[in-house]
Amino acid sequence: NYLVNSGGKVLTIEQLAGQEALQAASFRNPALFLDDIKALAGGANWGTDAVVDEKPCKIAEFSASEPVLKAQIHEFAKGLKSITKQYGNVEGYIDTKKSTSAYRIYVGKADLLIYKIEWTLKPVVKEHSLPPNAPKMDNLEAKSELTISKYGEGLDIEIPKEIRVRLGVK
């Protein structure tokens with residue numbers, strides 16, 4: 001479960017509402033992308049050249065397998081609970097056969113390091129599946145872009161006091 005800084009308060013996704021909740025539901029832990037890449041990259045199409053942070057890269061493109069897509073839809077629907085609770089489990093309204101999850105991975109030509117990850121999840125709602133009073137859920141999309149730089153350099157992380165207290169970290 002993710003924590004979100006909302007107006008100076010640290011909240012769980014379930015405590016958010018409206019657009020803020022939708023935005024938080026679209027977030028994925030970057031470590032999950034690396035797990036997906038490891039499992040799915042064997043079927044990648046390698047093509048376009050690109051440059052990220054002055055590093056020449058090749059772009060690998062691939063889609064999630066059905067089990068990975070279902071897990072991503074489950075995670076996305078779980079994040080939407082706070083804004084869709086009156087309509088039940090949103091996951092049941094999603095057509096996994098028509099939904100897509102696509103990746104673009106920018107890999108350094110010289111060092112084979114990952115410099116950028118782009119991910120787009122497009123859950124498609126089953127036709128006529130939503131209750132009549134439910135809001136329209138056309139064109140749902142979760143997008144993430146992660147640029148990875150400064151390999152080999154130290155990383156200073158400052159954990160906000162409220163999160164340290166909540167997690168019991170000094």
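**Entry 1: surface patch.** I looked first for nonpolar area on the surface of this predicted model. I found a patch of about 580 Å², made by Leu3, Leu155, Ile157, Ile159, Leu167 and Val169. I then picked out Leu155, one of the residues of that patch. Leu155 sits in the loop that lies between β7 (142-147) and α5 (161-167). I noted its relative accessibility as 69%, so Leu155 counts as exposed, the cut-off for exposed being over 50%.

**Entry 2: confidence.** I checked how far the prediction can be read. The chain has a mean pLDDT of 84, and 92% of its residues reach 70 or more. I wrote down both extremes: helix α4 (residues 81-84) has the lowest confidence in the chain, with a mean of 64, while β4 has the highest, at 96.

**Entry 3: Glu54.** I located Glu54 in the loop that links β3 (45-52) with β4 (55-63). Is Glu54 buried or exposed? I read a relative accessible area of 77% for Glu54, and therefore entered it as exposed. I also took its distance to Lys38: the C-alpha atoms of Glu54 and Lys38 are 25 Å apart in space, and the two residues are 16 apart in sequence.

**Entry 4: strand β6.** I turned to β6, which covers residues 114-125. Of its 12 residues, 10 are buried, so β6 is largely enclosed by the rest of the structure. I asked which strands pair with β6. β5 (residues 94-108) runs antiparallel to β6 and is joined to it by 10 bridges. β7 also pairs with β6 in the antiparallel sense, over six bridges. For one bridge on each side I noted the residues: Tyr103 has Trp119 of β6 as its partner, and Lys116 has Thr147 of β7.

**Entry 5: the turn.** I followed the chain from β5 into β6. The two strands form a hairpin, with five residues between them. In the turn I noted Leu112, which has a positive phi of about 60°.

**Entry 6: Thr120.** I chose Thr120 as a residue within β6. Its relative accessible area is 18%; I entered Thr120 as buried because the cut-off is under 20%. What is Thr120 in contact with, leaving aside its neighbours within four places in sequence? I listed Thr100, Ser101 and Ala102, and then Glu141, Ala142 and Lys143. Thr100, Ser101 and Ala102 fall in the residue range of β5, and Ala142 and Lys143 fall in that of β7.

Methods: Residues numbered from 1 in each chain as written. Predicted model: local features only at pLDDT ≥ 70, side-chain atom pairs only at ≥ 80, totals over all residues. Heavy atoms only, no water. Patch = residues over 30% accessible without salt bridge, like charges linked within 9 Å, V, L, I, M, F, W, Y side chains within 5 Å. Areas by Shrake-Rupley, 256 points an atom, 1.4 Å probe, with all protein chains shown as cover. Salt bridge = Lys/Arg side-chain N within 4 Å of Asp/Glu carboxyl O. Helix = DSSP H or I, 4+ residues; strand = E, 2+ residues; numbered from the N terminus. Buried < 20%, exposed > 50% of the residue type's maximum accessible area, 1.4 Å probe, protein only. pLDDT = per-residue confidence, 0-100. Contact = heavy atoms within 4.5 Å. Pairing = 2+ DSSP bridges.
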